[in-house]
Amino acid sequence: MAESSSTVLQERETLNPYLIAQRQIQLAAGVLGLNQDVVEILKRPQRVLSVSFPVRMDDGSVQVFEGYRSQHNDAGGPGKGGIRFHPEVHVDEVKALSMWMTIKCQVVGLPFGGAKGGVICDPRTLSTGELERVSRGFIEAISQIIGPDKDIPAPDVYTNPKVMGWMMDTLSRMQQTYSPAAITGKPLSIGGSQGRSEATARGCVMTVVEAMKEKGKDMKGATAVVQGFGNAGRTAAKLLSDLGFHILAVSDSRGAVYSPAGLDVEYLSVLKETGSVVDDEALLRITQDELLELEADVLIPAALGNVITAENADKIHASIIAEAANGPITPDADQVLAEKGIVVIPDVLANAGGVTVSYFEWVQNVTRFYWKNDRVLDELRTVMVDSYHAVSNLAKKYETTLRVAAYMIALQRVTNAMTERGWV
Ligand code: NAD
């Protein structure tokens with residue numbers, strides 16, 4: 001007998017990121033055999049501040065904006081995590097992202113906990129002046145719970161060094177103290193770090209290189225597909241191409257382009273500067289779904305969450321997937337990919353290069369001693385390569401996925417910190 005549609009609906013996997021993050025924690029905690037008291041603490045953030053604040057618009061009207069800052073767990077150090085400006089910011093998404101930040105910081109051994117913020121707004125419709133007032137208004141609204149030793153924000157989707165500069169300035173003015181360590185991802189002239197803007201993609205590609213070596217695959221002539229051609233995706237495509245990969249396909253929000261012989265990433269970057277990667281009619285167009293389903297050595301989702309789900313997981317043909325984006329693969333899809341033997345380098349490891357260089361920036365701000373780019377790159381490589389192998393070795397030992405192994409390492413570290421502090 002055919003299933004009723006309500007049964008199908010009930011059985012359909014959740015795409016709510018907060019429930020997904022809770023499920024991921026529960027799964028790894030089960031393999032680790034963690035005490036359920038610990039799991040209950042880690043399944044929810046310690047604090048979520050919800051704010052609304054008025055902003056004077058250019059036409060003289062006042063608009064009220066809403067935002068959130070979620071602090072998941074600060075047992076291992078002050079909270080760390082970006083602030084996103086997006087019309088679809090939702091409190092559950094912010095909570096999930098703060099949980100992933102705890103795991104991310106701990107898996108690569110940073111002395112930070114997890115946090116995340118978001119403002120419901122569409123920065124593309126704001127003038128520069130309005131954007132500045134939203135940035136200053138939000139950071140002032142959450143100022144009581146942030147600071148260099150409490151919680152340190154950074155850029156995320158649709159926020160950038162300019163926004164971080166305004167935020168750092170607002171905090172410094174409020175405290176009457178020059179306070180660069182309160183925010184990372186700042187412009188270089190006010191305490192930003194060399195190498196920060198490329199760090200996420202660099203870290204991601206470093207983990208891809210290690211995974212390719214483990215599979216005994218040569219980088220020269222290997223193939224890669226990249227979804228999303230922004231900060232993370234574009235730089236990852238360029239770095240892979242420099243290593244000898246053929247970039248078979250890339251996409252942005254307007255569409256995807258494909259070349260079996262490999263695309264010219266520099267040329268696509270030029271197209272993207274003024275519009276989209278699909279702006280040259282001579283390039284072969286494919287759909288976003290077709291892009292994800294291409295046969296390739298490496299697939300890098302670098303755009304959105306929930307792009308590989310139970311619906312399309314069995315159609316994925318890449319050999320290695322490195323999650324530059326946060327949460328692109330659902331837990332049900334994870335299972336299917338694992339059964340197919342596809343190696344998934346999870347977001348909490350693959351895109352940890354960004355927060356790692358944010359940590360370097362914070363260290364430089366606190367010590368007032370600034371590093372050259374070579375030092376940033378060397379230290380980043382050490383963190384990413386060591387972390388990759390720690391995760392991979394644990395995954396082999398427990399015969400589990402890299403995601404579960406990464407969560408196991410992070411959860412054990414947070415649990416140790418909570419235990420030593422007497423929380424459990
Ligand atoms: P970005 O805004 O610079 O780029 C996003 C890209 O995705 C753009 O090219 C956009 O056109 C494209 N895009 C949007 N909708 C799409 C769709 N439906 N299909 C294909 N492409 C689409 O953002 P970013 O900084 O590169 O971040 C991308 C992802 O990486 C996000 O999930 C973010 O949370 C994650 N991430 C970024 C960093 C970082 O330091 N930049 C760090 C950690 C994680």
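Q: How many salt bridges does the rule find across the interface of domain 1 and domain 2, and what would make a pair count?
A: Zero, in this predicted model. A pair would need a side-chain nitrogen of Lys or Arg within 4 Å of a carboxyl oxygen of Asp or Glu. No pair across this interface meets that rule, so the count is zero.

Q: Which classes of residue make up the side of domain 1 that touches domain 2?
A: Five residues are nonpolar, three are charged and none is polar. Helix 4 (residues 91–107) gives the most to this side, with five residues.

Q: What makes residues of domain 1 and domain 2 count as in contact?
A: Their heavy atoms must lie within 4.5 Å. Eight residues of domain 1 are in contact with five residues of domain 2.

Q: What is the area buried between domain 1 and domain 2?
A: About 520 Å², with 65% of it from carbon and sulfur atoms. On the domain 1 side, Trp-100, Lys-104 and Val-107 supply 66% of the area buried against domain 2, more than any other three residues.

Q: Why is the pairing of the ligand with Gly-230 called a polar contact?
A: An oxygen atom of the ligand is 3.1 Å from a polar backbone atom of Gly-230. The cut-off is 3.5 Å between N or O atoms, so this pair counts.

Q: What makes Ala-303 a polar contact of the ligand?
A: A polar backbone atom of Ala-303 is 3.3 Å from a ligand oxygen atom. That is within 3.5 Å, so the pair qualifies.

Notes. Residues numbered from 1 in each chain as written. Predicted model: local features only at pLDDT ≥ 70, side-chain atom pairs only at ≥ 80, totals over all residues. Heavy atoms only, no water. Buried area = accessible area lost by both parts, 1.4 Å probe. Helix = DSSP H or I, 4+ residues; strand = E, 2+ residues; numbered from the N terminus. Nonpolar A, V, L, I, M, F, W, Y, C, P; charged D, E, K, R; others polar. Polar contact = N/O pair within 3.5 Å; in protein donor to acceptor, adjacent residues only side chain to side chain.
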